Amino acid sequence: MSIVIITGGSRGLGASAAIECAKKGMGVVLTYKSNPDAAADVVSVIEDEGGKAVALPLDVGDSASFPTFRDRLLQILREVWDRSDFDALVNNAGYGLYNPIATVTEEEFDGLYRVHLKGPFFLTQALLPLIAEGGHIVNVASATSRVATAGVAPYASFKGGLQVLTRYMAKEFGDRRIRANSIAPGAIKTELGGGLNDEFEALLASQTALGRVGEPEDVGRMIASLLSDENRWINAQNIEVAGGYII
Ligand SMILES: NC(=O)c1ccc[n+]([C@@H]2O[C@H](COP(=O)([O-])OP(=O)(O)OC[C@H]3O[C@@H](n4cnc5c(N)ncnc54)[C@H](OP(=O)(O)O)[C@@H]3O)[C@@H](O)[C@H]2O)c1
């Protein structure tokens, strides 16, 4: 059984990816930051359908905690799956913040940087020894790096950096046959940044070729598919998952 670690798997895209990966027969370790109950619900959904999942706490903005997380993860891998490695890492955890460049604070900037760029960098570094040969890393970026959306400049800049980092991961980890791709969702109906109001959702839908905003499953299924062997030759790419947003 292959095993996937999904950060921010308690809600939204990460929760959907966890459920869809389990449906494909993968063992799942999902992380949460502040919602243990939501994480437990995702584990229940997976186990009710015959899958296996474990939820662990992790603050992706706190890189000092990563060695402890790695030790706890290794313990879980051994206890639950009798493995000392895993197959795929999905760096998904994140949050949204609306504030134009003119007023964004250093604290807001640094917080977004820690979660969206520094966190995936050092979490991947910490977990790299545990990623099996032929494994896969998926970094969740954003379509806001292609289409400038006023009010999210630091977030979009770090997501752009994450796309560049992805290509470097593919370059440096290729000798272990580990592939790395980023995906760039468009607007998806989750609680990110407080969720979408009706007016904004209608605007985004009108800017999307398929005429609606995305649902978490639109991305969760894509992540599960990208991890599968059918897509094993896709490497070092950024793939937009946005229904044709502003094309
Ligand atoms: N929704 C969109 O339109 C959209 C578009 C493009 C990209 N994205 C990206 O997709 C990813 C998932 O977003 P989402 O829409 O699913 O958001 P969401 O519904 O708000 O869920 C966010 C998830 O990330 C976790 N999280 C937040 N801050 C964290 C931290 N510091 N450390 C660890 N975990 C943390 C949350 O855990 P707790 O609930 O336990 O705190 C939750 O599981 C993010 O990277 C986001 O930037 C989303």
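1. A good place to start is where H1 meets H7. These two helices are oblique to each other, since angles that are neither under 35 degrees, over 145, nor 65 to 115 count as oblique. Their axes cross at roughly 50° and come within 7 Å, with H1 covering residues 12–23 and H7 covering residues 216–227. The crossing is right-handed. Keep in mind that this is a predicted model.

2. Who touches whom here? On the H1 side look for Gly12, Leu13, Ser16, Ala17, Glu20 and Cys21, and on the H7 side for Pro216, Glu217, Val219, Gly220, Arg221, Ile223, Ala224 and Leu227. Sorted by class, the residues of this H1–H7 contact come out as 8 nonpolar, 3 polar and 3 charged.

3. Now take H1 by itself. From first C-alpha to last, this 12-residue helix reaches 17 Å, close to the 16 Å expected at 1.5 Å a residue. Just after H1 comes Gly25, with a positive phi near 95°.

4. Is H1 mostly buried or exposed? Buried counts as under 20% relative accessible area, and 10 of the 12 residues of H1 are buried, so the helix is largely enclosed by the rest of the structure. The buried set is Leu13, Gly14, Ala15, Ser16, Ala17, Ala18, Ile19, Glu20, Cys21 and Ala22. Among the elements covering them are the strands E1 (3–6), E2 (27–32), E5 (131–140) and E6 (179–185), along with helix H2 (36–48) and our earlier friend H7.

5. H2 deserves its own look. H1 and H2 pack at about 20°, their axes 10 Å apart. That makes the pair roughly parallel, and H1 passes H2 in a right-handed crossing. Ala15, Ala18, Ile19 and Ala22 of H1 make the contact with Val42, Val45 and Ile46 of H2. By class, this contact has 7 nonpolar residues, with no polar and no charged ones.

6. Finally, step away from H1 to another helix pair. H4 (residues 106–127) and H5 (residues 153–173) have axes that come within 9 Å and cross at roughly 10°. H4 and H5 are therefore roughly parallel to each other.

7. The H4–H5 contact has a long cast. H4 brings Phe109, Leu112, Tyr113, His116, Leu117, Pro120, Phe121 and Thr124, while H5 brings Pro154, Tyr155, Phe158, Lys159, Gly161, Leu162, Leu165, Met169 and Phe173. These residues divide into 13 nonpolar, 3 polar and 1 charged.

Notes: Residues are numbered from 1 along each chain as its sequence is written. This is a predicted model: local features need pLDDT of at least 70, side-chain atom pairs count only at pLDDT 80 or more; totals for chains, interfaces and linings use all residues. Side-chain values use heavy atoms; hydrogens and water are left out. Axes are lines fitted to C-alpha atoms, for helices over the stretch in contact, and angles run from 0 to 180 degrees between N-to-C directions. Helices (H or I, at least four residues) and strands (E, at least two) are DSSP runs, numbered from the N terminus. Contact means heavy atoms within 4.5 Å. Ala, Val, Leu, Ile, Met, Phe, Trp, Tyr, Cys and Pro count as nonpolar, Asp, Glu, Lys and Arg as charged, and the others, Gly among them, as polar. A crossing is left-handed if the near helix is turned anticlockwise from the far one by less than a right angle, and right-handed if clockwise. The expected span of a helix is 1.5 Å times one less than its number of residues. Buried means under 20% relative accessible area, exposed over 50%, partly exposed in between (1.4 Å probe, protein chains only).
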